[in-house]
Structures are given as C-alpha cells and as structure tokens.
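User: I would like to go through this model step by step. Please begin with the terms and then take my questions in turn.

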Amino acid sequence: FKKEWLHWIDHRPDGCIPTLKKATYLTAVDLNNKPDSAKSDYGVVITAAIDSEGNLWIVDVTRGHPTGVEMVRWVRNHAHRWKPKVVYMEAVAFQAQFRPFLEEDMLRGGEPFKIVPIQRGGHNSASKDDRIMSLAYIAEAGGIYVRRGLDDFATEFERYQPGTKCRRDQLDALSDIYREGFRVKEPSTKRPSPSSPFVMANLLKDLYDHEDSGGRVRRVMGGY
C-alpha cells in the first residue's frame with residue numbers, strides 16, 4: 001500500500017464533509033480482548049461512507065485499548081455523529097457477549113442503530129490479510145478518501161505488509177465496511193416486524209419505565 005494512493009479531505013467544524021453527497025454511512029467495530037494490555041490488539045471503531053460511485057470516504061476512527069464501557073461510548077459517539085445505516089461486528093463469542101451492552105445502551109437513550117454480525121465463513125472465509133488486500137484495487141485506483149487529521153490510519157495503511165505482525169486493526173475493520181457495505185439494501189417501506197430488537201426495545205421501555213411526579217423512573221412492573 002502506498003500513502004500517495006490516499007486522497008485527503010477537509011471538513012467543516014461540525015465534522016461534515018462538504019464535497020460528500022449521496023453516501024451511505026457505515027460503521028465497523030473491532031474489539032480488543034485484553035483492554036488492560038498495551039501489547040494486545042487495538043480496539044477500533046471506524047466509520048466510512050460509500051458514495052454513489054463506490055468510493056470509500058473514511059470520516060472517523062477511534063482506536064486504543066478501551067474497557068467495555070469505553071467501547072460502548074465509542075460506538076455511541078460514532079452512531080450519534082454519523083447516523084450509520086449499519087454497525088458491523090464480527091460474530092464470535094467475545095463480540096456476541098458485547099452486543100447486549102450496546103443494545104442496553106440504546107435502550108437507555110443512546111442513538112439507535114442496526115447491528116449486523118459478520119460471519120467468518122462463506123464469502124468471508126478469507127484470512128485477515130486476504131480481507132485487507134481486498135482494499136488494494138480501490139486504493140490503487142484512487143477510491144479511498146481520508147478525513148484530514150486521521151494520520152494514524154494513514155500510517156497504518158502505508159506500513160501494512162501482508163504476512164507480518166504489523167498493526168492492521170483499522171484496515172481490517174475498514175475491509176468489513178468495504179466487503180459488506182455494497183450488500184446494504186435500502187430500507188423497506190414495510191412496517192418493521194415486532195421481532196425487531198429496536199421495536200421491542202421501545203415497547204419494553206414504554207411498558208416498564210415511566211417517570212413519577214418527582215422525576216424518578218418508575219418500573220410499572222416491579223416498583224422502583
């Protein structure tokens with residue numbers, strides 16, 4: 001990968017990209033399994049947009065060694081700022097344990113979003129290096145735009161070497177957006193099924209949580 005393949009884009013103080021029109025925003029989460037260890041993989045939340053021509057616009061990256069609570073906050077911040085159509089997360093045991101915390105955060109007033117688990121199998125059975133190398137064509141063709149200030153992403157991009165132990169967490173998360181993002185369909189005009197977790201979350205909140213005259217949250221079933 002070559003740094004000169006990347007296009008740098010400016011943004012307004014509110015974070016918007018003035019040149020970006022008609023795009024689908026998507027977020028991917030790559031969890032770190034040892035938040036207290038600086039030697040472990042980084043946790044990453046990355047948001048990118050895919051425009052009508054298939055270009056990737058990387059607008060936000062949060063990276064580090066967060067605790068579970070901090071990771072929930074990271075995802076919430078991305079969802080609030082960019083309103084992604086989908087949040088992708090690998091469907092393995094550790095990530096599956098994390099998902100309920102995100103859903104609980106949404107229930108407590110966070111930004112609602114759709115969580116889509118990525119199954120490593122079928123079209124996604126490739127290794128991490130193979131997934132990342134799927135970005136090579138669009139990158140070399142000049143189809144990746146990076147918001148100015150995301151220098152850490154650009155450094156990881158430039159230093160990436162397949163088959164080595166170089167840092168690649170941001171690239172792996174971006175590859176999920178790239179590989180899965182083109183499968184995102186426009187929302188159906190049909191009314192959501194009651195089985196939707198978001199519909200059920202709203203129903204449960206309406207059923208259980210009410211404020212009394214003193215401003216305290218009262219549980220309809222079970223008291224305070």
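Analyst: Helices here are DSSP runs of at least four residues marked H or I, and strands are runs of at least two marked E, numbered from the N terminus. The model is a predicted one.

User: How many helices and strands are there in the protein chain?

Analyst: Counted in this way, the runs are of both kinds. The protein chain holds seven helices and nine strands.

User: How far apart are the end C-alpha atoms of helix H1, and what span should they have?

Analyst: H1 covers residues 68–82, which is 15 residues. At 1.5 Å a residue the helix should span 21 Å, and this agrees with its end C-alpha atoms, which are 21 Å apart.

User: Which residues of H1 are exposed on the face turned away from its buried side?

Analyst: Buried residues in H1 are Met71, Val72, Trp74, Val75, His78, Ala79 and Trp82. They lie on the same side of H1, because they cover an arc of only 160 degrees around the axis. The face turned away from that buried side carries the exposed residues Val69 and His80.

User: Which helix supplies the largest share of the largest nonpolar core?

Analyst: The largest nonpolar core has 34 residues, and Ile144 and Phe157 are among those with the most contacts inside it. Several elements each supply at least two residues of this core, including strand S3 (43–51), helix H5 (151–159) and helix H6 (169–181). The largest share, five residues, comes from H6.

User: How many residues does the second, separate core have?

Analyst: This core includes Val45, Trp74, Met89 and Met106. Trp74 is also one of the buried residues of H1. The number of residues in the second core is 15.

Technical notes
Residues numbered from 1 in each chain as written. Predicted model: local features only at pLDDT ≥ 70, side-chain atom pairs only at ≥ 80, totals over all residues. Heavy atoms only, no water. Expected span 1.5 Å × (residues − 1). Buried < 20%, exposed > 50% of the residue type's maximum accessible area, 1.4 Å probe, protein only. Arc of directions from axis to C-beta. Core = buried A, V, L, I, M, F, W, Y, C linked by side-chain atoms within 4.5 Å.
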